[in-house]
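Work through the exercises below with the model open. Each task is followed by its solution.

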Amino acid sequence: MEENKRNAKIVGVLFLIAAVTAVLGLLLYDPILNSPDYLVQGAEHANQIILGALMELMLVAAAIGTATAMFPILRKYNETIALWHVCFRFLEAVIIVIGVISVLSLLTLSREFVAAGSLDAASFQASGTVLKAIHEWTFLFGPNFMLGINTIMYSYILYKTKLVPRFIPVLGMTGAVLVFSCSLLVMFGVIEQLSVWGAVLALPVAANEIILAVWLISKGFNEPALTALTENKKRRNQNSLIKAEAP
């Protein structure tokens, strides 16, 4: 029981770290991603940009941490879905890292632009446009597309097992569908990701992660449900061994 409570707290803390670092990283990137004069502003706010990159790397670590910490619990219900969840979390993390590299490359470009004294500005602008586009696509596929897939997988298992109150995974599955739909709408140019509609569609999944995190830290997983899940897992394993040993 103590191990289960400790594991639940770890998952909750990691979810909170992921939520906080994701927001901080985006805010710290503002001078180099959103400023019209980003080639100058990036170099002037270099330390801020690097701090934003560190925030996103913490996000990557937290995302992978939630998947690996939840895997032993999720696999008791469905090992295939639990494994998919880990794989897609790792893929989400890889996409985010690519976005971090694109921002740091843009920072290098900004420093070179300032050092060159604004010579050949058109060439620097073209390179900057490409790097910003890479970040925009990674920002879409990581926090929206992959997040929707990941959230619906773990929320489905939490709903079926009753490890947490069912309103939490219901909110998670709803938020997953909405944020996944948001990514498709952005891809086809219907809405902008950083817009009112983008925020509205992303809000439920963000609320789900925060509520789930607070619940796991304060209450943990439902012990009777977790015990029943463990017993069912043992029973299935025993049945599999009996079938394997049968002539």
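The exercises cover cysteines and pockets in this predicted model.

**Exercise 1. Classify Cys-87 and Cys-182 as buried, partly exposed or exposed, and state how many disulfides the structure holds.**

Step 1. Take Cys-87: its relative accessible area is 45%. Buried needs under 20% and exposed needs over 50%, so Cys-87 is partly exposed.

Step 2. Take Cys-182: its relative accessible area is 1%. That is under the 20% cut-off, so Cys-182 is buried.

Step 3. Search the whole structure for disulfides: the result is zero.

**Exercise 2. Describe the largest pocket: its volume, its central residues and the helices that line it.**

Step 1. The volume is about 820 Å³.

Step 2. The lining counts 37 residues, and Ala-22, Val-23, Phe-139, Pro-143 and Leu-147 are the closest to the centre.

Step 3. Assign the lining to helices. At least two residues each come from α1 (2–28), α4 (46–74), α5 (79–115), α6 (121–161), α7 (167–187) and α8 (196–218). α8 contributes the most, eight residues.

Step 4. Sort by chemistry: 24 lining residues are nonpolar, nine polar and four charged.

**Exercise 3. Do the same for the second largest pocket: which residues lie nearest its centre, and which element gives the largest share of its lining?**

Step 1. This pocket has a volume of about 420 Å³.

Step 2. Its lining has 16 residues; nearest the centre are Glu-136, Phe-139, Glu-192, Gln-193 and Leu-194.

Step 3. α6 supplies the largest share, seven residues.

Step 4. The lining splits into nine nonpolar, four polar and three charged residues.

Notes
Residues are numbered from 1 along each chain as its sequence is written. This is a predicted model: local features need pLDDT of at least 70, side-chain atom pairs count only at pLDDT 80 or more; totals for chains, interfaces and linings use all residues. Side-chain values use heavy atoms; hydrogens and water are left out. A disulfide is a pair of cysteine sulfur atoms within 2.5 Å. Buried means under 20% relative accessible area, exposed over 50%, partly exposed in between (1.4 Å probe, protein chains only). On a 1 Å grid over the protein atoms alone, a cavity is a set of points where a 1.4 Å probe fits but cannot get out, and a pocket is an open set with protein on both sides within 12 Å along at least five of seven lines; lining residues have an atom within 4 Å of a point. Grid points are joined across faces, edges and corners, and a volume is the space filled by probe spheres set on the points. Helices (H or I, at least four residues) and strands (E, at least two) are DSSP runs, numbered from the N terminus. Ala, Val, Leu, Ile, Met, Phe, Trp, Tyr, Cys and Pro count as nonpolar, Asp, Glu, Lys and Arg as charged, and the others, Gly among them, as polar.
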